[in-house]
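Please look through the structure shown here before reading on. The paragraphs below take its cysteine links, its core and one of its strands in turn.

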Amino acid sequence: MHKIIPAIAIAAIHGAVSVTAQACAAGTAQQIGGNWYCSEVKAITYSNFPGTGSYNKVTNMDANTGQCTSEKQAYRGSLAPMSEELSMHFRGPTFLKQLAVYYPQSDAKVKRSDHVHAHAHRHGQQHAHHPKRDHAPGRRAVGDMVVATIDGQVVSWANEYAGPGASPNTAAAQPLPEPQTTLATSFGSPSQVPSTTSTPTSPDPINPLPHADSSGGGSGQWARQAYFNAEAGSSNGFTFLNHFGGTSGKPGTADGGPAFGASLSYASPDGRSAAASPQTLGNKMIDDDVEIIVLSDKTCEGDSCGYTRPGGVAYHGFGGDSKLFMMEFSMPRSGKTGFNGDMPAIWLLNAQIPLTSQYGTNPKCSCWTSGCGEFDLFEVLDTGNFRCKSTLHMAPAGGSSDYFRRPDTSIIKAAVLFHGANQAAHIKILDNGQNFDESLAADVVEAMAQEGGHGGQSSVFRLADV
């Protein structure tokens, strides 16, 4: 969701929570635009989820005062709290061509994909999430602590980068700072360095979607729950939203003012305005600084989604310990500068965040500040950079310093697999021949969870136990 919230305030909420950082291969670390990068990879695995914890769940929003109340929400599960319902977020310049969500389902009577098929397709194509309002979860703010293991030593430093600057193509790598034996806690406060390092190579989810099997990979097949195809102009199981609630008489609300920010609204096909009813995302690039939120097509009835913003547009997200997001996209260079110029991003949020307050100025109106969950998948952190980073914001929090090559001149396919049985989340670049069929064989999905491979272009980031 990407809010800019002072690290001291976050530390006061969370207390001391340590994480392990993945080690950069010797001689690969470089600093660009205030952020550290190690090596280009094709796959990143996040493992060692703590499985238990709690966050502050919003229980009421008073539009008259701009104040909110919350209660402690405990969670337990192999990937909790990321096993709860999630929303998908896309910021331009991004061209989303296909999107699908799968769940393990051994008895699904749908077309089966036993292997990768040849597939001809047309090619075109906070840290830094969308701080469109004063607070934007996921964006790394000035003063936030950043952590990495550089040449075998854990180092941390305060981020000094405040926004888009010169293109990294012309920016020189900066010398490494003196290593410090401190490590960032969840959301940035210092704590003791844990003894373990890695090398580069909940309760049940809230009302999960029908027939979603959360038991894990196992045998059988994975059934497609929702699918979008831009070229065909078709969408099934998705709702495309943005943050223009209450504008021009469209569904949603702006009650509560800046404290809450505008609620979710139905997105126009280009995402630049609100619509009166659900629309299918258009077959064109999402522009710079335009954000599209994707939820399911199941409306929140009563308290089935937990507490939601009164008067807002509300749909279920995608829950479960085991779920698979597949996407085909490109991130063309726009050449734009200024706020969020040429800084595309794709990320996941605990769906409670956009359903209450994603960009309000009152941090108590969002569970993000207390660690309910954000997963940055492909995020460009400064204008024109060709590197995409990933980071987990929860308790504990951490992010790999390895990066994916931004698909600026080609279209790529990628998988984001939450594997409950393995207590791991995987981001993986797929072969271009991989189809988005109505079902996927279990061995196809299990291959996405394999660590290693890719000619050594993979890495593992191990989250420390709380």
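A disulfide is called here when two cysteine sulfur atoms lie within 2.5 Å of each other. The model is a predicted one, and it holds 3 disulfides by that criterion. One of them joins Cys300 to Cys305, with an S to S distance of 1.9 Å. The torsion about the S-S bond of Cys300 and Cys305 is about -85°, so this disulfide is left-handed.

Are these two cysteines buried or exposed? The cut-off matters for the answer: a residue counts as buried when its relative accessible area is under 20%. Cys300 has a relative accessible area of 14%, so Cys300 is buried. Cys305 is at 4% relative accessibility and therefore counts as buried too.

A second link is formed by Cys68 and Cys365, whose sulfur atoms are 2.0 Å apart. The link of Cys68 and Cys365 is right-handed, with 100° about the S-S bond. Cys68 has a relative accessible area of 11%, so Cys68 is buried. For Cys365 the relative accessible area is 0%, and Cys365 is therefore buried.

Cys367 and Cys372 also form a disulfide, with their sulfur atoms 2.1 Å apart. The torsion about the S-S bond of Cys367 and Cys372 is about 70°, so the disulfide is right-handed. Both Cys367 and Cys372 are buried. Another cysteine, Cys388, counts as buried because its relative accessibility is 0%.

The next topic is the nonpolar interior. The largest nonpolar core has 48 residues. Which of its members touch the most other members? They are Met88, Phe238, Met327, Phe375, Phe378 and Phe418. Take Met88 as an example. Not counting residues up to four places away in sequence, Met88 touches Leu99, Val101, Phe238, Ile292, Ile293, Val294, Phe318, Phe325, Trp347 and Leu348. A second core, separate from the largest one, has 16 residues, including Leu324, Met326, Ala441 and Ala449.

Several of the residues touched by Met88, among them Leu99, Val101, Phe238 and Phe318, are also in contact with Ala226. Ala226 is found in strand S12, which covers residues 221-229. The relative accessible area of Ala226 is 2%, so Ala226 is buried. Leaving aside neighbours within four places in sequence, the contacts of Ala226 also include Ala100, Asn236 and Gly237. Between the C-alpha atoms of Ala226 and Phe325 the separation is 9.7 Å, and these two residues are 99 residues apart along the chain.

The last stop is strand S3, which covers residues 43-47. How many of its 5 residues are buried? The count is 5 of 5, and the strand is described as mostly covered. Its two faces can be read separately: Ala43, Thr45 and Ser47 are on one side, Ile44 and Tyr46 are on the other, and the residues of both faces are buried.

S3 pairs with two strands. With strand S24 (residues 424-430), S3 runs antiparallel, and 5 bridges join them. In this pairing, Thr45 stands opposite His426. With strand S26 (residues 458-462), S3 pairs in the parallel sense, again over 5 bridges. The bridge partner of Thr45 in S26 is Val460. Thr45 can thus serve as a landmark when tracing S3, with His426 in S24 and Val460 in S26 as its partners.

Methods: Residues are numbered from 1 along each chain as its sequence is written. This is a predicted model: local features need pLDDT of at least 70, side-chain atom pairs count only at pLDDT 80 or more; totals for chains, interfaces and linings use all residues. Side-chain values use heavy atoms; hydrogens and water are left out. A nonpolar core is a set of buried Ala, Val, Leu, Ile, Met, Phe, Trp, Tyr and Cys residues joined through side-chain atoms within 4.5 Å. Buried means under 20% relative accessible area, exposed over 50%, partly exposed in between (1.4 Å probe, protein chains only). Contact means heavy atoms within 4.5 Å. Helices (H or I, at least four residues) and strands (E, at least two) are DSSP runs, numbered from the N terminus. Two strands pair if DSSP finds at least two bridges between them.
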